[in-house]
Amino acid sequence: MRPRRALTLRGTGALLAGICCLIAANLIGAPILVYVGVLLIAVTLVALLVVRLPRRSGSVARQISTDLLTVSETSLVTVRFDLRALRAPHGLWRDVLPDAVSGDAAGEYPGENGLLRYPITGVRRGVWAIGPLMLRTVDPFGLAQREQAFGETRTITVVPEVFALAPLAVKVGASGGTAHTSSSRLGQGSDNLSPRRYVSGDSMRRIHWRATAHRGQLMVRQEEEESSPDALVILDRSSARWATQGEEADPGFEAAVSLCASVAVHLVQEGYGVDVVDSAGNALGTLRGHEDDREGLLVALAMVSPRGAARDVVTLVGGTPPGPLVYITGSLDEDAAEALRPAGAAAAMLFATELSEDAAQAATRRGWRVAALGADIAEAWAEASPERIGVGDVPH
C-alpha cells in the first residue's frame with residue numbers, strides 16, 4: 001500500500017482562501033489581501049512539507065490471543081512495533097479490520113516503538129486478514145495529513161458459535177442401549193486387528209508386513225467390526241434450500257452451521273463417534289474425542305457456504321445405519337420432506353429453517369423427529385431430541 005498524502009478539509013479551505021485573496025486583491029486593488037493570500041498558501045505548503053519529511057521504516061509484529069475466534073467471542077490483539085523516523089508533530093494509528101470482526105483499533109500514536117493492544121469480537125464466520133498497521137501524520141494546524149501502511153497482515157479464522165445443548169434422554173446406538181449399530185470404520189481405537197488383502201487406494205502405512213511375508217502378497221491391517229455408538233450429522237448446503245443474500249450472510253444458514261457445530265460437539269461429549277458431512281457427501285469433520293478433531297471441524301464450518309445439489313440421505317448414510325442421525329436444512333416443502341428417508345437410524349432428527357406444517361407432517365410420517373430452526377438453537381434441539389426410543393421404535 002503506497003503512502004497517501006493529502007490536504008485535510010481545513011487545508012483545502014485554507015488553500016482556496018489564499019487563492020481567492022490573491023484574485024480579490026487584483027480585482028479591488030487591496031494590497032493587504034495579497035499578503036493574506038500568500039500567507040495562507042505558504043502555511044498550507046509548509047504543512048504538506050512537515051508531514052512529508054518523516055520517513056518511517058521498521059518492523060511491526062501482530063499477535064492474537066487466539067487464531068480461532070468464535071462468533072461473539074472476544075480476543076486480544078497485541079501489536080508490537082519498532083519504527084524509526086524523524087519526529088512528527090502529531091500521529092494517529094489504526095489497524096485495518098475486516099467487517100467480520102469488530103473492535104476499537106485506533107488511537108494516538110504513542111511514539112517510535114512500543115505496544116498497542118485492543119480487543120476484537122467475532123461477527124461473521126470466515127477466514128479474514130487483520131492489518132496492516134496504518135499511521136497517519138497530521139501537521140499542528142490540521143491542514144495536511146499523510147498515511148502509511150506498515151507490517152504484514154495476520155489471518156484470523158472466525159468459527160461458528162457452539163451452544164450448550166440438553167443431553168439425550170437415552171443412549172441410542174450404543175452397546176447395551178436402546179439400539180445397536182456396528183461399525184467397520186478404521187481408527188475407532190480397537191486393537192482387534194485382522195489382515196486383509198491389499199486393494200488399490202489403501203495407504204502403504206497400513207501394510208501388515210508379517211502377514212505379507214507369510215502369505216506372499218501385500219496384506220493390510222484392518223480393525224475387526226465391533227459394536228460402536230456412531231452418529232451422523234448432515235448439513236444440507238444445497239443452493240435450492242437457501243435464499244440468495246449476495247455478500248450478506250443468510251441468518252438462517254448461519255443458524256444451521258452453528259447448530260451443526262453444536263450438535264457434533266455435543267454428541268461426541270456424550271460418547272458417540274461423530275461424522276459430519278454436507279448434503280453432497282463431502283466430509284466436513286470426524287470427531288472421536290480429540291481436541292484437534294473439534295478444531296478441524298470448526299475451521300471447515302467457518303468456510304462453508306450454500307452451493308451444489310443434495311444427494312439422497314440413504315446414499316449419504318451408506319450401509320450401516322447410525323444411532324443418532326441429524327439432518328439440518330433450510331427451506332423444506334412437503335415434497336422434499338416426503339423424499340427424505342431416515343435410512344434406518346435409531347434416532348432421526350430433522351431441523352429446517354423454513355418448515356410448513358405439511359412438510360413437518362410428511363417428515364414425521366417418514367420417522368423423523370422434526371423442529372423448526374430459529375434464533376434459539378438450544379430450544380430447537382430440545383424440541384427434536386428423542387425422549388424415549390426403544391428397539392421397536394427404530395424407523396426403517
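**Exercise 1.** In what order do the six strands of the open sheet come, and which strands stand at the edges?

*Solution.* Keep in mind that this is a predicted model. Start with the order: reading across the sheet, you get β19-β18-β17-β20-β21-β22, with mixed pairing. Next, look for strands with a single partner: β19 (283-287) and β22 (369-372) each have just one, so one side of each is left without a neighbour in the sheet. As for twist, neighbouring strands are turned by 15 degrees against each other on average, ignoring direction.

**Exercise 2.** Work out how β17 and β18 are joined, then find the helices on the sheet.

*Solution.* Take the strands to begin with: β17 (residues 230-235) and β18 (residues 273-278) run parallel, joined by six bridges. Leu-235 has Asp-278 in β18 as its bridge partner. Now add the helices. Helix α5 (residues 291-302) lies across β17, β18 and β19, at about 160 degrees to β19. Helix α8 (residues 357-366) touches β20 (324-332), β21 (347-355) and β22, and makes about 170 degrees with β21.

**Exercise 3.** Classify two of the four aromatic pairs found in the whole structure.

*Solution.* Trp-93 and Tyr-118 sit 6.1 Å apart, centre to centre, with 40 degrees between the planes, and that pair is tilted. Trp-93 belongs to strand β5 (residues 91-95) and Tyr-118 to strand β8 (residues 113-122), 25 residues apart. Both are buried.

Then try Phe-351 and Trp-381: the centres are 6.4 Å apart and the planes at 15 degrees, so this pair is stacked. Phe-351 lies in β21 and Trp-381 in helix α9 (residues 377-384), so the pair ties together parts 30 residues apart in sequence. Phe-351 and Trp-381 are both buried.

Terms used
Residues are numbered from 1 along each chain as its sequence is written. This is a predicted model: local features need pLDDT of at least 70, side-chain atom pairs count only at pLDDT 80 or more; totals for chains, interfaces and linings use all residues. Side-chain values use heavy atoms; hydrogens and water are left out. Two strands pair if DSSP finds at least two bridges between them. Helices (H or I, at least four residues) and strands (E, at least two) are DSSP runs, numbered from the N terminus. Axes are lines fitted to C-alpha atoms, for helices over the stretch in contact, and angles run from 0 to 180 degrees between N-to-C directions. Contact means heavy atoms within 4.5 Å. Rings of Phe, Tyr and Trp (its six-membered ring) pair if their centres lie within 6.5 Å; planes under 30 degrees apart count as stacked, over 60 as edge-to-face and the rest as tilted. Buried means under 20% relative accessible area, exposed over 50%, partly exposed in between (1.4 Å probe, protein chains only).
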